[in-house]
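Biologist: Mind going through this model with me? I'll ask, you reason it out.

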Amino acid sequence: MSRKITDSVTRKSREPPSWAEKSGHVDSERAISANKRCERLIRERHVIEEKISTTRHEQTSISKAARNPINEEKSLLAKIHDKELEIATILNVILQARYDKLNTQSHNYNSVRQKILEDELSALHSAEAKITVHEGEMKRCNNEIVKNTNHVALLNREYSRVSLVSILYMCITPHSTFAA
């Protein structure tokens with residue numbers, strides 16, 4: 001039975017949590033707390049295994065020859081426990097490295113987006129400067145058109161006045177000047 005518990009705990013501690021894969025990132029605090037809970041459970045299991053082993057061995061009277069395998073079992077269990085704790089610690093380091101990797105990728109992605117935004121803003125400012133220049137040219141041309149229109153209107157009025165004067169002059173002068 002302890003073999004099944006050890007296998008399931010060891011297997012679970014090697015796999016990244018399912019929530020980390022679904023969300024696309026590893027939350028460092030959750031990963032570390034999950035690893036610490038796993039380590040605590042392993043320690044508690046070790047204590048319970050020790051109590052079971054001690055109780056079992058205390059209840060039976062065993063000869064000195066039979067005690068050697070028990071001591072060997074205890075030393076092997078201690079080595080196994082040490083290795084399990086070492087594995088949990090390594091998994092914790094791996095999860096932290098994954099978290100750091102995702103943070104770096106996120107930072108790089110944000111840097112690229114910031115560069116694109118700056119490029120777009122730069123293009124927008126240059127287009128805005130060109131628009132301002134063209135608006136200035138359009139105002140200057142409009143002013144010239146208004147000036148020329150006023151000048152043409154002035155010339156038209158002068159022409160109308162001169163035409164009227166020449167018509168009046170013709171009316172006043174005798175027709176014989178035209179016949180000559």
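**Fold, burial and salt bridges**

Biologist: Let's start with burial: what share of the 180 residues in the protein is buried?
Modeller: Keep in mind that this is a predicted model. A residue goes in the buried bin when its relative accessible area is under 20%. Of the 180 residues in the protein, the buried share comes to 14%.

Biologist: And what pattern does the protein follow along the sequence?
Modeller: There are zero strands here, and the helix count is five. Reading along the sequence, you therefore get one α after another. Written out, the pattern is α-α-α-α-α.

Biologist: Which element has the highest mean pLDDT, and which the lowest?
Modeller: For the whole protein the average pLDDT is 80, with 76% of the residues scoring at least 70. Residues 5-9 stay under 50, and the model has six contacts for them beyond four places in sequence. Among the elements, α4 comes out highest with a mean of 90, and the lowest, at 48, is helix α2 (residues 18-23).

Biologist: Take contacts between residues at least 6 apart in sequence: what percentage join residues at least 24 apart?
Modeller: One example of a link between distant parts of the chain is the R45 and E84 salt bridge, whose partners sit 39 residues apart, R45 in helix α3 and E84 in helix α4. Over the contacts you ask about, the share joining residues at least 24 apart is 77%.

Biologist: How far apart are the closest N and O atoms of R45 and E84?
Modeller: Side chains of opposite charge can pair when their charged atoms come close. R45 and E84 are both buried. The cut-off for a salt bridge is 4 Å, and the closest N and O atoms of this pair are apart by 2.6 Å.

Biologist: Is H46 buried or exposed?
Modeller: H46 belongs to helix α3, which covers residues 28-59. Setting aside neighbours within four places in sequence, H46 touches H81 and E84. Its relative accessible area is 7%, so H46 counts as buried.

Biologist: R43 and E39 form a salt bridge too; which of the two is buried?
Modeller: Their side chains meet at 3.6 Å, N to O. The two are four residues apart in helix α3, so about one helical turn separates them. R43 has 42% relative accessibility, so it lands in the partly exposed bin. At 12% relative accessibility, the buried partner is E39.

Biologist: Now E144 and R140: what is their N to O distance?
Modeller: Both sit in helix α4, four residues apart, so the separation is about one helical turn. E144 is partly exposed at 40%, and R140 is partly exposed at 45%. Their side chains meet in a salt bridge with an N to O distance of 2.9 Å.

Biologist: How many salt bridges does the count come to?
Modeller: The ones we've been through include R45 with E84, R43 with E39 and E144 with R140. By the 4 Å rule, the full count is six.

Biologist: What about cysteines: how many disulfides does the structure hold?
Modeller: C38 is buried, with a relative accessible area of 15%. C141 is partly exposed at 37%. A disulfide would need two cysteine sulfur atoms within 2.5 Å, and the number of disulfides in the structure is zero.

Biologist: Over to the surface: which residues make the nonpolar patch of about 270 Å²?
Modeller: A patch residue needs over 30% relative accessible area. L117, in helix α4 (residues 64-172), has 44%, so it clears that bar while being partly exposed. The patch of about 270 Å² is made by L117, L121 and L124.

Biologist: Last one: what percentage of the accessible surface belongs to carbon and sulfur atoms?
Modeller: The nonpolar patch we just discussed covers about 270 Å². The accessible surface of the protein comes to about 14700 Å². Of that surface, the share belonging to carbon and sulfur atoms is 60%.

How values were computed. Residues are numbered from 1 along each chain as its sequence is written. Side-chain values use heavy atoms; hydrogens and water are left out. Buried means under 20% relative accessible area, exposed over 50%, partly exposed in between (1.4 Å probe, protein chains only). Contact means heavy atoms within 4.5 Å. Accessible areas come from the Shrake-Rupley method with a 1.4 Å probe; for residues, only the protein chains shown count as cover. Patches are made of residues with over 30% relative accessible area and no salt bridge: like charges are joined within 9 Å, nonpolar side chains (Val, Leu, Ile, Met, Phe, Trp, Tyr) within 5 Å. pLDDT is the predictor's confidence in each residue, from 0 to 100.
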